[in-house]
Amino acid sequence: MALNLNKNLKLYYSIKEVAEMFDLNESTLRYWESEFPYLKPKTAGPNKVRQYTQKDIDQIKLIHNLVKVRGFKLAAAKRIINQNRDGADKTADVLSRLIAVRDDLQALKHQLDGLE
């Protein structure tokens, strides 16, 4: 059996790690958990430490795209997700790709400007 080097080996992420991924406060993530019922990270230990899976992170990515990137209010984001989850997921993926392409193009332009 071949070793899959592309597989993400980390199963759980702390709230601090997830907050840093999205440049959010930990309190924002906790609040989103109360507002979006499908966002429920596993809790472990007597201190109920949150453990986010990749599925949880994908949920946060969608919420982050709607609320922080596109500027929707939480109620509108909930409505969009409830009415057309697949469409919202695809839109978030396309937007993420476009932002990555823009960043790559800006870096390339910066390099080309340095050659002059």
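This is a walk through the fold, core, salt bridges and surface of one protein chain.

Let us begin with how far the coordinates can be trusted. The model is predicted, with a mean pLDDT of 82 over the protein chain, and 80% of the residues reach 70 or more. Confidence varies from element to element: helix α2 has the highest mean pLDDT, 93, whereas α5 has the lowest, 75. Where pLDDT is low, the predicted coordinates should not be read in detail. Please keep these values in mind when we come to the C-terminal helix.

Now for the overall layout. The protein chain holds 5 helices and 2 strands. If you follow the chain from the N terminus, the elements come in the order α-α-β-β-α-α-α, with the two strands placed between the second and third helices. Of the contacts in the protein chain with a separation of 6 or more, 54% join residues 24 or more positions apart. Buried residues account for 26% of the 116 residues. The accessible surface is about 8600 Å², and carbon and sulfur atoms contribute 54% of that area.

With the layout in place, we can step inside. In soluble globular proteins, nonpolar side chains tend to be buried together. Here, the largest nonpolar core has 20 residues, and Val18, Leu29, Trp32, Phe36, Tyr52, Ile60 and Ile63 have the most contacts inside it. Four helices each supply at least two residues of this core: α1 (15–22), α2 (26–35), α3 (54–69) and α4 (74–83). Among them, α3 gives the most, with 6 residues.

Two isoleucines make good viewpoints on this part of the structure. Start with Ile57, which lies in helix α3. Ile57 counts as buried because its relative accessibility is 4%, under the 20% cut-off. Setting aside residues up to four places away in sequence, Ile57 touches Tyr13, Val18, Met21, Phe22 and Tyr52. One of these partners, Val18, is 39 residues away along the chain, yet the C-alpha atoms of Ile57 and Val18 are separated by 7.3 Å. Then turn to Ile63, one of the core residues with the most contacts. With residues up to four places away in sequence again left out, Ile63 touches Trp32, Phe36, Tyr38, Leu39, Lys68 and Ile81.

Charged side chains are the next stop. A search of the whole structure finds 5 salt bridges, and helix α2 is a helpful place to look at some of them. Glu26 and Arg30 meet there through their side chains, at 3.4 Å from N to O. This is a pairing within one helix: because Glu26 and Arg30 are 4 residues apart in α2, about one helical turn separates them. Both ends count as partly exposed, Glu26 at 29% relative accessibility and Arg30 at 36%.

Further along the same helix we meet Glu33. Is Glu33 buried or exposed? Glu33 is buried, with a relative accessible area of 8%. Leaving aside neighbours within four places in sequence, its contacts are Leu39, Lys40, Pro41, Arg50 and Tyr52. With Arg50, Glu33 also forms a salt bridge, and the closest N and O atoms are 2.8 Å apart. This pair links distant parts of the chain, 17 residues apart, with Glu33 in helix α2 and Arg50 in strand β2 (residues 49–51). Arg50 counts as partly exposed, at 25% relative accessibility, while Glu33 is buried.

Helix α2 has another link to offer, this time through Glu35. A salt bridge joins Glu35 to Lys78, and their closest N and O atoms are 2.7 Å apart. Here too the pair links distant parts of the chain: Glu35 is in helix α2 and Lys78 in helix α4, 43 residues apart. Glu35 is partly exposed, with a relative accessible area of 22%, and Lys78 is partly exposed as well, at 27%.

We finish on the surface. Val101, Leu105, Leu108, Leu112 and Leu115 make a nonpolar patch of about 500 Å². One of these residues, Leu108, is found in helix α5 (residues 85–115). Leu108 counts as partly exposed because its relative accessibility is 41%. When you look at this patch, recall that α5 is the element with the lowest mean pLDDT, 75.

Conventions:
Residues are numbered from 1 along each chain as its sequence is written. Side-chain values use heavy atoms; hydrogens and water are left out. Buried means under 20% relative accessible area, exposed over 50%, partly exposed in between (1.4 Å probe, protein chains only). Contact means heavy atoms within 4.5 Å. Accessible areas come from the Shrake-Rupley method with a 1.4 Å probe; for residues, only the protein chains shown count as cover. Patches are made of residues with over 30% relative accessible area and no salt bridge: like charges are joined within 9 Å, nonpolar side chains (Val, Leu, Ile, Met, Phe, Trp, Tyr) within 5 Å. A salt bridge is a side-chain nitrogen of Lys or Arg within 4 Å of a carboxyl oxygen of Asp or Glu. A nonpolar core is a set of buried Ala, Val, Leu, Ile, Met, Phe, Trp, Tyr and Cys residues joined through side-chain atoms within 4.5 Å. pLDDT is the predictor's confidence in each residue, from 0 to 100.
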